[in-house]
Each structure stands twice: as C-alpha cells, then as structure tokens.
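Work through these exercises with the model in view. Try each task before you read its solution.

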Amino acid sequence: MALPVEEWGGSGWRGKETHKENLRCCLAVFACQISGRCSRKPHSGASFDEPPRSPEVALCFANRSAALFHLGHFEVCLEDIARAESHGYPDRLLPKVLLRKAECLLRLGRLQAATDTLTAVENKMTVDGIMTSPIHLTLLKKLNQLKTEIHEGRGCPEPSREAHADIQRESEMWEENGSISGASSSLSLNFNTERGRHLVASQNILPGQNLLKEKAFVSVLCPGEGDSLLLQDSSETVWDTQVTNADLYCHHCLKQLLASVPCCGCSYAKYCSQNCADVAWEQYHRTECPLGALLLILGVFCHVALRTVLLAGFSEVSRLVEWSHDDSNKDLCSAEAGDKHPSEALDTRTGTKGIPGCNDNGQYQSSYQAVFNLLPHVEKHSPEHKFLCMLSIVAICKKLQETGLEAAVLNRGSSTMGLEQKTYGKTSDELSPELMIIAEAMLRHVLQLQCNAQAVTVIVFSLSLESGDGAVVNKKPVRLATAFFPVLSLLNHSCSPNISVSFSGTVATVRASQPIPSGQEIFHCYGPHRCRMKVAERQQLLSQYFFECRCQACLDELESDVESVSMRNSFCCPSCQASMQGEEMLCCSNKACALSVSRERLSRRLLDLQQQMEKALELLRDSKADEAIRMLLKCQMDARNFLSPEHLLMGELEDHLAQIYATLGKWQEAARHLEKSIQLVEMHHGPSSVEMGHELFKLAQILFNGFAVSEALSTIQRAEEILSVHCGPQSTQIQELQEMKTCLLELPRSMLQRT
Ligand SMILES: [Zn+2]
Ligand SMILES: [Zn+2]
Ligand SMILES: [Zn+2]
Ligand SMILES: [Zn+2]
C-alpha cells in the first residue's frame with residue numbers, strides 16, 4: 001500500500017464538503033497503516049511504557065491529522081499532531097504540522113496557545129533559513145493569514161454539542177433495586193426448579209420504563225465481516241484493506257473509533273484513547289497480545305473465557321473453582337439445571353439468600369461470582385463439543401506456560417515465580433496446578449457461553465454515498481461483540497418478549513416494550529422471534545439452549561394450525577395469482593385454474609429474483625441509478641407473478657427503490673416506495689415494533705429532505721412514540737428526530753404553505 005505523503009493538507013481538499021465520506025474512509029485506512037507500522041512483531045516483549053519511535057508512524061499520524069482537521073475534529077486533530085511529534089516527525093516537515101496545530105487552536109478559541117505555536121513556527125522557519133522554496137512561501141502566507149485571524153479574534157468555538165447530550169443522557173429517572181445491581185426497583189429475583197432464576201415485575205410496569213442498566217462483566221469485539229461499502233466509493237479501489245469491526249470500534253469500550261490508538265505490541269488491537277489502551281493493557285491485553293493469532297483462530301468464545309478469568313483475577317477464580325468442588329454446592333446448581341431432584345431446602349427457602357450467584361447478603365451483583373454461577377449445562381453438551389472446548393483451552397494454557405505469561409495470569413510478579421516456573425517450565429508437558437485451575441474455569445465459561453453469550457449489537461447507518469451527508473441510509477443491526485451480562489442473563493426466553501434491549505458501548509439497557517402487570521415474568525428474546533420465523537424453526541434454533549420453548553406464542557402456534565409467518569411468505573399462482581396450497585407439489589386454490597407447480601421450481605425462481613436484485617444494487621453502487629431502477633421495476637413485475645403481495649421480498653424491493661430515489665434526491669418517489677415497504681414491516685413485526693420505529697425514522701428523513709413539512713412532522717411524531725419506548729427518550733435517534741422537528745417548525749411560513 002502506498003503511503004500518501006503529508007502533502008494532502010494543500011488546497012486540493014479545501015471546501016469539498018461532498019468529500020467528507022472519502023475523508024472518513026481515509027481515517028479507517030490511516031488507522032490500518034498506523035497499527036501496521038506502529039507494532040512490532042508479537043513476542044518482542046513490547047514494553048508499554050516507551051512507545052516505539054518511528055518517522056513512518058509519525059507521518060501516518062500527521063496524515064490522519066490532516067483528514068481530521070478537514071472533518072472539523074479539532075481536538076482529536078491536536079491529539080494526532082502530538083502523537084506525530086512524539087514519534088519523531090521529520091524536522092523539515094514540522095512547520096506545516098505546527099501551522100495546522102495553530103489553526104486548530106484558533107478554531108477552538110485558544111488564542112494564546114495559537115499565538116505561541118505560531119511564534120514557534122516562525123522561529124523554526126527562521127532557523128531553517130531557506131525561505132524561497134514555493135512550499136515555504138505558501139507556509140509563510142498561511143502564517144500571516146493566521147496571525148491576522150488571531151489578531152481579529154476570529155474562529156470562536158461552537159459550544160460542544162456532544163458533551164451536552166452526554167449530560168442529558170444521564171438524567172433519566174432511576175430507582176435502583178436493593179438486591180440486584182443495575183436493576184430497577186420494580187423487579188424482583190425469583191427462583192423455582194421449573195423456571196430457574198428469573199426476574200418478575202414486583203409492580204405494574206409501563207411501556208418504555210427503564211428496567212435494567214448493566215455494564216458487561218466482560219466483552220470481546222468480534223472481528224466481523226468487512227463493510228466493503230465503506231471503501232467502494234473511490235472509483236478505483238487502490239486500498240486492498242478490508243475494513244472490519246476491528247478497525248471501526250474500540251477494542252476496550254466498543255465506542256466508534258475516530259482516530260484510533262493502536263496497541264504497541266500487535267497490529268490488531270485498537271483503542272479510542274490512550275486511556276482505553278492503558279486500561280486494556282493492564283487488565284488483560286498484556287496477556288492476550290502475544291496470543292493474538294491463536295485467540296483469533298480458536299474463536300471468540302475462547303477469547304471471552306480467557307478474558308473473563310483475567311478480569312476476575314486468580315484468587316477469585318481459584319476460590320470459586322474450589323467452592324464448586326464442594327458437593328453441597330453442586331446440588332444448588334444442578335437443581336436449577338433440572339438435572340437432579342431439587343434439594344428440599346431450595347423450595348422452602350425465602351428471599352434471595354442462597355439463590356445461586358447471590359453473595360452472603362443475598363445480593364445478586366454483576367460480579368465474577370454471578371458469572372461463575374451461570375449454568376454450564378455440563379451434562380447436556382455433546383462429548384465431541386466438550387472435547388473440542390477442552391482442546392482449545394489446553395492450547396491456550398500451554399501457550400501461556402510456554403511464553404512465560406503464566407505469572408501475568410496468576411497476578412504475580414515474575415520475581416515470586418521462582419521455583420514453580422522451573423518445575424513447570426517450557427520443558428514440562430504438564431500444566432502447573434495453578435494453570436489447571438485456570439483451565440477448569442475457562443472450560444466452564446466456554447460451556448456457559450453457548451447459553452449465556454449475549455451479543456452486543458449496534459445499528460449501523462450506512463450513508464448514501466451519492467448525496468453526501470443528509471441522505472438515507474440503511475440501518476442494520478450488526479453484531480459488535482460477545483459478552484457476559486450476568487444480570488441480563490437472569491431473563492428467560494420468550495419468542496414474544498416484553499422488553500427491548502439496546503446497547504451503548506458495553507452497557508446494555510433493558511426497557512419494557514409493553515405494559516407488564518405486577519407478578520408477570522420479564523422475558524428477553526434470545527434470537528428466534530415470533531415475527532421472524534415459524535414455531536418449528538424457532539424450536540430448532542432454541543435447542544442449542546437446551547430447552548423447549550413453552551412461551552405463549554409457541555403454545556398458541558402449536559395448538560392452532562395457522563402458520564402465520566408462512567402465509568406471509570408464500571407463493572401465489574403464476575397463472576391467476578390466487579394462493580397456492582400443498583407441500584412438495586403446490587396447487588392453485590382457484591378451482592377454475594387448478595395449476596400445479598413444484599415448490600422447488602418456484603423456489604428456484606425466487607432465488608433468481610434475489611440475484612437480480614443484488615445485481616441492481618451493484619449497479620447502484622456503480623452510480624448507475626437509472627439502470628438500477630429499471631432492473632428493480634422488472635424484478636417487481638416478475639415477483640408479482642408468483643409471490644404473495646405480503647411476501648417479505650416485495651417489501652425489500654420497495655425499500656431498495658426508495659433508497660435509489662433518495663440518492664437521486666427524488667424525495668417524493670422515495671417516500672411513496674418506502675411507505676409501501678413500511679406496510680409490510682408493520683404486518684410482519686407489528687405496529688409498535690422497533691423495526692417499525694427504524695422504518696418510520698427513515699421515512700421522516702426522506703420527508704424532511706423533501707420539505708414535506710406536515711407529513712414529516714406526523715411521521716416524526718409516530719417514530720418518536722415508538723423509538724422512545726424501545727431505545728429511551730435520550731437515544732441518538734430521538735435526539736435527531738427532535739432536531740428535525742425543531743428545524744421544520746422554524747421554517748418560514750412561506751415554506752410551510754408550499755405543502
Ligand atoms: Zn475506548
Ligand atoms: Zn496488542
Ligand atoms: Zn417460544
Ligand atoms: Zn391459478
């Protein structure tokens with residue numbers, strides 16, 4: 001990959017707002033370059049205190065600071081300039097970077113600092129002597145221009161909006177539960193042998209009410225798939241860099257990265273700040289860093305298991321492992337797992353004291369003790385699976401022993417290792433007794449994860465590339481990380497849940513999605529949702545959690561023969577468009593027609609159609625919007641011939657058409673198509689579902705962009721009502737909706753009358 005030299009700050013970039021997206025892509029590419037160049041090979045025993053100095057890295061940081069400057073991120077830009085300087089930025093290029101620094105300070109309103117920096121630049125240029133080259137002349141001009149600006153006191157800062165929003169976000173009403181950390185006081189922890197541990201409403205709960213706010217005990221970023229769209233904008237893709245989640249989010253706090261700080265020891269871990277990098281290193285990355293490749297190969301569950309024991313610390317791990325060897329404690333856990341007959345004591349017990357995972361005061365906290373007490377279902381996993389897990393764990397422990405990382409895992413200084421290290425050193429085939437304890441705990445965690453892993457997801461907004469900033473947008477939930485949330489794990493599954501979970505960084509927030517009367521259980525959906533699949537499919541998927549779902553939705557569907565979902569996803573007669581019946585061979589329900597077609601043939605036709613649709617989207621990405629529209633309209637005609645009008649694909653087609661019209665700025669057409677797609681979303685997911693909220697948000701944006709004021713206002717209203725229930729009144733989406741509303745209401749009257 002060619003390294004763009006720090007010549008980008010020139011005039012070519014100025015004022016091209018439409019290139020913001022390009023700039024953002026550049027940030028991701030710079031991040032890859034920086035960590036590629038910054039890191040030394042693993043196993044070099046990277047000392048964290050002294051970042052390696054390298055002019056190449058310094059150039060990367062300086063390049064990125066240029067991109068950040070043009071995006072208006074002045075604070076972050078200053079940080080990158082400081083990094084460039086500390087990495088030994090080439091002296092001859094320094095004036096240019098210092099001028100950028102002065103300009104940042106000026107824009108931030110820090111006039112004195114800006115003046116000081118300018119003085120430094122002047123001195124530097126005088127010392128260097130040569131003032132005749134064109135570059136120096138340009139710099140000199142810039143310098144004088146900046147001086148004038150400072151003199152006139154220009155460049156006053158705008159008040160930081162983000163900081164303000166953060167403060168607001170904290171202010172939501174909240175009464176915490178005395179015995180469950182992070183939970184609302186309107187919940188209580190119950191236990192019985194049939195349902196295990198579960199949370200119940202102890203008073204009537206209203207939709208949108210905040211029920212639980214929990215920071216993950218541990219979370220590990222999933223490398224994920226690259227978002228190829230991000231870089232496809234540039235007409236010729238010169239970067240072979242695939243941007244993945246690992247480049248876009250902080251490996252510690254999961255915040256979206258703007259200017260990442262790379263790990264000094266590997267090219268994988270990246271952080272949002274030096275603080276996250278330091279904390280991660282102290283707590284776990286010191287050990288994980290040299291294992292990087294092995295952990296990526298073994299998969300995210302093993303990685304979570306290792307990080308869990310690292311975070312817990314050896315003394316806590318060994319305490320609980322020993323505790324679990326005590327037979328009287330085994331009873332407690334197996335009673336919940338339904339393996340054995342419950343001991344009588346359990347049923348007669350009152351209060352939360354003695355419920356697995358609770359401490360001596362009867363409190364259930366987001367602690368390692370709670371994580372340890374999540375059910376591993378040891379008896380229910382297949383022997384093959386258990387063998388594979390064991391093998392993976394042993395591989396990690398062996399590596400820890402070989403690379404001399406054992407001391408770090410056991411939280412000991414290497415000086416105290418002494419004798420033991422010699423006995424169980426590199427030559428020994430056996431794991432040390434301490435590592436055996438670690439291995440046992442890790443195996444338990446890997447097994448637990450199958451039922452208790454919680455995906456941390458974010459809604460990713462993919463901006464339409466054509467029209468720059470304002471436009472729409474596709475939103476899809478993306479799995480960011482795998483985590484343990486011991487309190488959230490208390491919730492049992494239902495295919496028709498009564499809560500919504502949303503994430504901000506590593507914090508999960510649970511809200512009631514409907515009224516929950518006192519005494520009713522709180523249900524989370526583990527994945528298989530009533531709206532998305534048939535009961536048989538759901539039961540099949542849920543078998544990985546070792547239970548048969550007996551939720552109301554499942555019972556209802558099993559009793560009646562109505563296959564609600566399949567009706568909506570069915571074929572219709574290619575000849576007369578009546579509904580089709582049958583299994584392998586489908587027969588037209590219209591007796592006059594009585595056409596019969598094999599299901600296989602129709603499925604193949606559906607597949608063809610989906611491929612056509614993909615091609616149309618490719619055309620769109622190549623900026624051939626007109627061709628894409630023609631192709632999609634053809635798909636739509638074809639689809640009408642053999643798919644029921646409620647088929648999900650019909651909605652997708654409308655949605656794609658809306659997207660294309662939006663990129664062309666044809667807002668009315670876009671809105672018309674999106675409305676049709678929304679009808680189908682409503683039919684499949686229900687009128688107050690979070691999916692419906694996202695769609696209405698999209699529609700609101702389109703109507704807003706098209707100045708359809710009254711329609712936009714009513715759509716904003718509907719979207720707000722739904723999204724505030726699922727994501728809370730302080731969520732970014734609600735904030736955006738309110739900004740749109742304010743903007744519309746401030747429009748001059750003449751504008752309003754246009755609609
Ligand atoms: Zn971070
Ligand atoms: Zn590292
Ligand atoms: Zn169910
Ligand atoms: Zn027919």
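**Exercise 1.** Is E614 buried, partly exposed or exposed, and at what relative accessibility?

Solution. Step 1: recall the classes. Buried means under 20% relative accessible area, exposed means over 50%, and partly exposed lies in between (1.4 Å probe, protein chains only). Step 2: apply them. E614 has 41% relative accessibility, so E614 counts as partly exposed.

Some ground rules come next. This is a predicted model, in which local features need pLDDT of at least 70 and side-chain atom pairs count only at pLDDT 80 or more, while totals for chains, interfaces and linings use all residues. Residues are numbered from 1 along each chain as its sequence is written, chains are lettered from A and ligands numbered from 1 in the order in which they are written, and side-chain values use heavy atoms, with hydrogens and water left out.

**Exercise 2.** Place E614 in its helix, then name the residues of its negative surface patch.

Solution. Step 1: E614 belongs to helix α24, residues 599-621. Helices are DSSP runs (H or I, at least four residues), as are strands (E, at least two), and they are numbered from the N terminus. Step 2: the patch consists of E614, E618, D622 and E652. Patch members have over 30% relative accessible area and no salt bridge; like charges are joined within 9 Å, and nonpolar side chains (Val, Leu, Ile, Met, Phe, Trp, Tyr) within 5 Å. Lys and Arg count as positive, Asp and Glu as negative; His and the chain ends are not counted. A charge is placed at NZ of Lys, CZ of Arg, CG of Asp or CD of Glu.

**Exercise 3.** Which residues form the nonpolar surface patch with about 340 Å² of accessible area?

Solution. Step 1: the residues are F387, L388 and L391. Areas come from the Shrake-Rupley method with a 1.4 Å probe; for residues, only the protein chains shown count as cover. Step 2: look at L391. It sits in helix α17, residues 383-402. Its relative accessible area is 48%, so L391 is partly exposed.

**Exercise 4.** How many salt bridges does a search of the whole structure find? Then follow K698 to its partners.

Solution. Step 1: side chains of opposite charge can pair when their charged atoms come close. A salt bridge is a side-chain nitrogen of Lys or Arg within 4 Å of a carboxyl oxygen of Asp or Glu. The search finds 19. Step 2: K698 pairs with D655 at 2.9 Å, N to O. K698 lies in helix α28 (residues 690-705) and D655 in helix α26 (residues 648-663), so the pair ties together parts 43 residues apart in sequence. Step 3: K698 also bridges to E695, at 3.6 Å, N to O. E695 and K698 are three residues apart in helix α28, so about one helical turn separates them. Step 4: check burial. K698 is buried at 5%, D655 is buried at 12%, and E695 is buried at 13%.

**Exercise 5.** Where do E720 and K741 lie?

Solution. Step 1: E720 forms a salt bridge with K741, with the closest N and O atoms 3.2 Å apart. Step 2: E720 is in helix α29 (residues 709-727) and K741 in helix α30 (residues 732-745), so the bridge ties together parts 21 residues apart in sequence. Step 3: E720 is buried at 12%, whereas K741 is partly exposed at 25%.

**Exercise 6.** What is phi of S623 near?

Solution. Phi is near 65°, a positive value in a residue other than glycine. S623 is found in the loop between α24 and α25 (625-642).
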